[in-house]
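Okay, thanks for coming, everyone. I'll put the structure up now, and please stop me if something is unclear.

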Amino acid sequence: MERTTTATTRPVTVLLERPPRQRTLSSTVIEFLRHSPLNLLGVVLIALFLFLVVFGSVLAPHDPIQPNVALKLQPPSSTYWFGTDELGRDVFSRVLSGAKYSLGIAFIILSIAVVVGTLVGLIAGYVGGLVDELLMRLTDLFLAFPALVLAMAIAATLGRNLQNTVIALTVVYWPWYARLVRGQVLWLKEREFIEAARAIGASPWRIVGRHILPNTFAVIIVQLTLDVGYAVLATSGLSFLGLGAQPPTPEWGTMIAGARTFFRDAWWYITFPGLALTLTVLGFNLLGDGLRDFLDPRTRRR
Amino acid sequence: MDPRRPEESLALLLAARSGRLTRRQILSRGLALGLSTPTILALLAACSRGGETPTAPAPAATPQPGQTPTGRRESTNREFVVLFFGGVPDLDPQSAYDNQASALFLACYEMLIKLKGESTFDYEPMLAREWSHNDNFTEFTFKLPPNAVFHDGSPCDADAVKRSFTRFLKMGRGPVNVISRFVEDPDLQIQVVDTTTIKFVMTKPQPLFLAAMASEYGPLIVSPKAWDEHKTADDEFAHDWFSQNIVGTGPYKPVELLQQERFVFERFEQYHGERPFFDRIIARVVPEDATRRQLMETGEAHACAYINPEDLLAMKQNPNLQIVEYDTTEVDWIRMNYARLNAKARQGFCYAWPYQEVIEKVLRGYAKPINGPIADTVIGYDPSIPTYTTDLQKAKQLLSEAGIKEGDTFTYMYSSGDQTDAAMAQLFQANLAQIGIRLELQQVERAALLELAYGDTPPEQRPHFMSGGWWPDYNDSWNQIYPNYHSDSVGSKGSNAMFYQNPEVDRLMNQLKDAATEDEIRRLTGQIVRILTWDDPAAIFYAQIKKATVLQKDIRGYVPNPIYINSYNFWAMWREAL
């Protein structure tokens, strides 16, 4: 796989290996967490931010939207843990509420991209021939542009809001999954167990649905965990540029964009949303790297 | 002169002639002394004639606190670096209608006359050495220096000046209205008397002509030789060439013009006037607010007029910097879509604007409330017109009467990256949310916003609200209102971006254009402003802007002017050895 865009992932090379039958899910998870302390850190960070996606708005001690300019740019205190912004809103409440935008949007984007990409990859890889050619040239068309530039162009054309950010980034991400899945399908469909299934008269639907698709999941999951971090960054990046979430939405990128004017005199305003973004991306990168190493027999410790 | 209080009247006359008082101050003090309006107008005339026959060939720096006009201790550092926030795509001074461009032009191009010091009605020489007019303001004569040359070495005589004005008027771009209001036919109305004398003949009395000639937008003199050399069959005015090159008569000539990056000028040795202090002027384009502040604080830049209010308050504490604050003629407003909002709705929205919060907490005092599009520094300002204050109950009632229901959504567009605009928009949004109205904020690039505002997009496809602001090209209420609210100026024909079209306003504005006395100007302007603000509101007029320019502490001679906003009097500025 060639992936040469900015801030992109390293190529994922996973040699599929079916786990021993006696290993349960919980024992696998425990083994993964013990594999490296960084895995544990990644999982903890992700758990924390996933919790905020669901409960962030409920936990916010103050209204994250309603301005109160009398309290503008207050430093962190026992009332306002992360200080206040230029309109007197509590930065802590906005960071908590912002998780569902920054991280939630990234999940939506990747979910759609995975479904579309997997579907295209499966069809192209399994059917082959002209269909493969056509679908792959279409994929190449999207891959030919630098990801963020393409997303900016789409977002700017469609209009500046979060819905269009989702569309723009989905368009950018699905081709990677199409390529990835197609490669896996090409490799899998020559394997003996597929040949065997075909020999006993299994229908193409059954072969794809029961044998090929489940065997691509591991690769997709690893790629997905690596991509979540970048999708969060891209969502915030578009918002930072004014192409994504619009004020007063407490999206982290929008907050950082608003805060950069004040960073000399109100360090807290840019620091905390920046920190939230950094830790989220760090968490997913640690998990992605950990999973890749864990699933790759060449790097996995026995 | 009023015989009852001769001493005070004489003092007022002397103050008027010396240029110490503005036109408005003369008027108010005259009225306080019990002088009749004709007497005050005579005083104002005396005031403006005070600059007609200057003896000094070029101005000297106005003394500032800590400055010694004679025997000054000059620094050996003769480079001056100013900061801009964006590029200047059009360098043609007869086409660009852009504040940053005009700031550059004052280094390298010249008008015939310029505004004197902080006054908006007193003049001093720029290219012309002397000027005069007849009693009924129909003939204006300018005397040029015999040694004036353009940067390309060609002489700048009366013929060259006529050709430059002919190009400006016939090309008809950007700020042409500044002069075309007075001169429709340059061939007939501009007369070369001799090589150093040029006369402008009006078709009717035009007391504001000198004010317009001192505008930094448009009446700048370009080289006819360069025009001849670079015009083509497709571009008879060589606009493409002038938009990227500079050939004027100013004290500085261009060395490097990178329009999105920096502009470098060096002193022009053949300059006809007094030799300026700085050898080199560099204008750097720095889009980020924080970076501009940093460059000023580290001393890498020496002047910046584009610092946001929040940073200004912090920079005031820095002993290495001086902040020069000044009242301006600028009024900022939120245009309301005339085609999509009825009068009741627009009145309702005016009541929903957070006036006090914006002025105190967002603009941080660099503004004051205003009762319409005319600043209190502009002739025609009427203090009797009431000013809106926030009243959400009244807003709700009016919006309801206008047929607007709770939950209805409106759109507000502003330039991305402008944190002041973003903060104001969110406060307005919060106020409207309290009365059940949704306001959707739309950030767009500044270029896209300008294209939408000044393009031909129909009003139905424009947002409900758009932020903006304006100041006149010269001190005149018609010049402030006409491009923004006359039906002739809608869409690409002017700056009437929200298609405000009120026949009564049009009629009054047409009368105002020909008003001959200050009383008439004041009366008509008042009537127009009352309609624009209250009866059939065109915009939410939320503030008259106070500006500030930040300078390094060793810079001397800078004099701000309420009309030349964000510009510099490069010719008089210098650096003291501290």
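I'll go through chain A, then one helix in it, and finish with the contact between chains A and B.

First, the caveat: this is a predicted model. So, chain A. We have 10 helices and zero strands here, and if you read along from the N terminus, the elements simply go α-α-α-α-α-α-α-α-α-α. Along the principal axes, the C-alpha atoms fill a box of roughly 75 × 45 × 30 Å. The chain has 302 residues, and 47% of them count as buried. As for contacts with a separation of 6 or more, 71% come from residues 24 or more positions apart.

Now, the helix I'd like you to look at is α3 of chain A, residues 91-127. How far apart should its ends be? At 1.5 Å a residue, the 37 residues of α3(A) ought to span 54 Å, and the end C-alpha atoms sit 53 Å apart, so that agrees. There is a bend in α3(A), though, of about 40° at A:Gly98. And just past the helix there's another glycine, A:Gly128, with a positive phi of about 70°.

Is α3(A) enclosed or not enclosed by the rest of the structure? Largely enclosed, because 27 of its 37 residues are buried.

One of the helices around there is α8(A), residues 204-240. The two axes come within 8 Å and cross at roughly 145°, and the crossing is right-handed. On the α3(A) side the contact residues include A:Ile105, A:Ile109, A:Val114 and A:Leu122; on the α8(A) side, among them are A:Val208, A:Ile212, A:Leu224 and A:Asp227. What kinds of residues make up that contact? It's 16 nonpolar, four polar and one charged.

Last part: chain A against chain B. Chain A puts 18 residues into the contact and chain B puts in 21. On the chain B side, α11 (289-297), α12 (309-315), α14 (355-362), α16 (419-434) and the strand β15 (438-444) each supply at least two residues. Which element gives the most? That's α16(B), with eight residues. The chain B side as a whole divides into eight nonpolar, eight polar and five charged residues. For the contact of α3(A) with α8(A), remember, we had 16 nonpolar, four polar and one charged.

That's what I had, so over to you.

Notes:
Residues are numbered from 1 along each chain as its sequence is written. Chains are lettered from A and ligands numbered from 1 in the order in which they are written. This is a predicted model: local features need pLDDT of at least 70, side-chain atom pairs count only at pLDDT 80 or more; totals for chains, interfaces and linings use all residues. Axes are lines fitted to C-alpha atoms, for helices over the stretch in contact, and angles run from 0 to 180 degrees between N-to-C directions. Helices (H or I, at least four residues) and strands (E, at least two) are DSSP runs, numbered from the N terminus. A crossing is left-handed if the near helix is turned anticlockwise from the far one by less than a right angle, and right-handed if clockwise. Two residues are in contact if their C-beta atoms, placed from the backbone, lie within 7 Å. Ala, Val, Leu, Ile, Met, Phe, Trp, Tyr, Cys and Pro count as nonpolar, Asp, Glu, Lys and Arg as charged, and the others, Gly among them, as polar. The expected span of a helix is 1.5 Å times one less than its number of residues. The bend at a residue is the angle between axes fitted to the seven residues ending there and the seven starting there. A residue is buried if 20 or more other C-beta atoms lie within 10 Å of its own, exposed if 12 or fewer, and partly exposed in between; C-beta atoms are placed from the backbone.
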